[in-house]
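Colleague: Please take me through a single part of this model in detail, and set that part in its surroundings before you turn to the residues themselves.

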Amino acid sequence: MKLLSGNKKNDLPGRLKKQDPAAQKIFYDRNVKKFLSVSRSYISDVYQAEDCVIKAFCKIFRSIESFRGEGSLEGWARRIVVNECLNFIKSHKTVFYLDDISESYLGEIYEEDIAFDFDAQDLLDQLPDAYRMVFNLYVLENYSHQEISEILRISIAVSKTQLFRAKEKMRKIYFQQQKSLQNEKF
Amino acid sequence: MKNFNNTIEQEIRKQLEEREIIPSRDLWSEIEVQSAEKKSTANINWFLVAACLVLTFSLGVILFFNKESKDENPETVAEIRIPAVQNKTGQPSVNSSEFLNQNPKKSITVEKPSPEKKEKSLPSQLTVERKDLLLNKESTQAIIANISKRESEKIFVQSDSEKISGKKKRYVDPSTLLFSVEHKDAIQKSKGKSNVASIEISGN
């Protein structure tokens, strides 16, 4: 039985390509929570994030034929979820990208060891959409600035600026929270 | 740039990679509904394409056959006309007055369909009458003698021809036709290339 179940797992892309409803349900159950987490990191509203996940799953099942098996199925599906979220933000919100700043200034990013636990999602939610998109693509999806500039149709310099400003703003929020916590203790 | 093991950036990545969010509603049922809708819309699109093709094809066929039937109409008119003339010419010995007396309705029915037809049918009738008279040319003396006898018939033919000619206020009778044969200057060619002798009645 274990052998059979193992074979079935390995054959999931093949079954999905045949539009097998059982395979689709298996794939959904296995990935929905993770994909919702990914969607939520881009979209601050949970309901809208869920809508994006629904659309992404429909797209995954519809375009499964284009999956060539070069990477993992989950990785391929995750990219579809991310694209769906980006499309949602582009279509539903006006995103402003601020002017780029000098390279020398970008190099002066001040980083420090964190001393207390914080809610990552809370920090992300406080970022503007433009900052959040670039930050997530760079930090969570490991895209290069070149790739980000192509995805968001911005220049590489603007992509770097957005990332810098996102980090700066997050740090500011983080230290404000740290200060307020210390004040509460005393 | 300083590199720390536990930066904000790394902490965010760690937290979000480990995180899983349970959906607040049944997403699977919505996925099923949406995918089914898309399938049905795709099917409907195919049906619409097929229906449009059938409609355009049928319209094309209808228009094509309509054109053909319009082209056929003049031929049928010609077919109707030719036998009518032939039938009349097929009785050369029949006297024109007799012919008109025997078939007064026929001449009227031929004229009825359209004003153009009326104009065309009248010359054909007259040609018949002229032919009749030509056949009797040999006995012109006898005809001249009969002219007086035909006066009464003439009146009848006059009245009949008045009905036929209608608005033109012209009529032709056998005697005038005979006259026109003898005096060719009076014969004119109509648009239909048929000889028509039109003489105005002076009253005598």
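Modeller: In this predicted model, 18% of the 204 residues of chain B count as buried, and in chain A the corresponding figure is 32% of 186 residues. Chain B holds 8 helices and 2 strands, with the two strands coming after the helices in the order α-α-α-α-α-α-α-α-β-β, whereas chain A is made up of 10 helices and 0 strands. The part I would like to examine is helix 8 of chain A, which covers residues 129–140, together with the loop that leads from helix 8 to helix 9.

A word on confidence comes before the details. The average pLDDT of chain A is 84, and 81% of its residues score at least 70. Residues 1–6 of chain A, however, have a pLDDT below 50, and this stretch makes 0 contacts in the model beyond near neighbours in sequence. Where pLDDT is low, the predicted coordinates should not be read in detail.

Helix 8 of chain A has 12 residues and spans 15 Å between its first and last C-alpha, close to the 16 Å expected at 1.5 Å a residue. Because 9 of those 12 residues are buried, helix 8 is largely enclosed by the rest of the structure. The buried residues are Ala130(A), Tyr131(A), Arg132(A), Met133(A), Val134(A), Phe135(A), Asn136(A), Leu137(A) and Tyr138(A).

One of these, Val134(A), leads directly to the largest nonpolar core, for among its 46 residues Val134(A) is listed with Val53(A), Phe57(A) and Val81(A) as touching the most other members. Helix 8 is one of the helices of chain A that supply at least two residues each to this core, and helix 1 (8–18) of chain B does so as well. The largest share, 9 residues, is given by helix 4 of chain A. Since domain 1 (2–92) and domain 2 (103–185) of chain A both contribute residues, the core lies between them. On the domain 1 side, Val81(A) gives an example of the packing: leaving aside residues up to four places away in sequence, Val81(A) touches Phe35(A), Val38(A), Ser39(A), Val53(A) and Ala56(A).

Helix 8 also takes part in the interface, where 30 residues of chain A are in contact with 25 residues of chain B. Along with helix 3, helix 4, helix 7 and helix 10 of chain A, helix 8 supplies at least two residues to the side that touches chain B, although it is helix 3 that gives the most, with 9 residues. By class, this side of chain A consists of 17 nonpolar, 3 polar and 10 charged residues.

Beyond the end of helix 8 the setting changes. Asn142(A), in the loop between helix 8 and helix 9, has a phi near 60°, which is a positive value in a residue other than glycine. Asn142(A) is exposed, because 9 other C-beta atoms lie within 10 Å, and a residue counts as exposed at 12 or fewer. A similar case is found in the loop between helix 9 and helix 10, where Arg153(A) sits. The phi of Arg153(A) is near 55°, again positive and again in a residue other than glycine, and Arg153(A) counts as exposed because it has 8 C-beta neighbours inside 10 Å. Helix 8 is thus to be read as a largely enclosed element, with an exposed residue, Asn142(A), placed just after it.

Notes:
Residues are numbered from 1 along each chain as its sequence is written. Chains are lettered from A and ligands numbered from 1 in the order in which they are written. This is a predicted model: local features need pLDDT of at least 70, side-chain atom pairs count only at pLDDT 80 or more; totals for chains, interfaces and linings use all residues. pLDDT is the predictor's confidence in each residue, from 0 to 100. Two residues are in contact if their C-beta atoms, placed from the backbone, lie within 7 Å. A nonpolar core is a set of buried Ala, Val, Leu, Ile, Met, Phe, Trp, Tyr and Cys residues joined through C-beta atoms within 7 Å. A residue is buried if 20 or more other C-beta atoms lie within 10 Å of its own, exposed if 12 or fewer, and partly exposed in between; C-beta atoms are placed from the backbone. Helices (H or I, at least four residues) and strands (E, at least two) are DSSP runs, numbered from the N terminus. Domain bounds come from an automatic or database domain assignment. Ala, Val, Leu, Ile, Met, Phe, Trp, Tyr, Cys and Pro count as nonpolar, Asp, Glu, Lys and Arg as charged, and the others, Gly among them, as polar. The expected span of a helix is 1.5 Å times one less than its number of residues.
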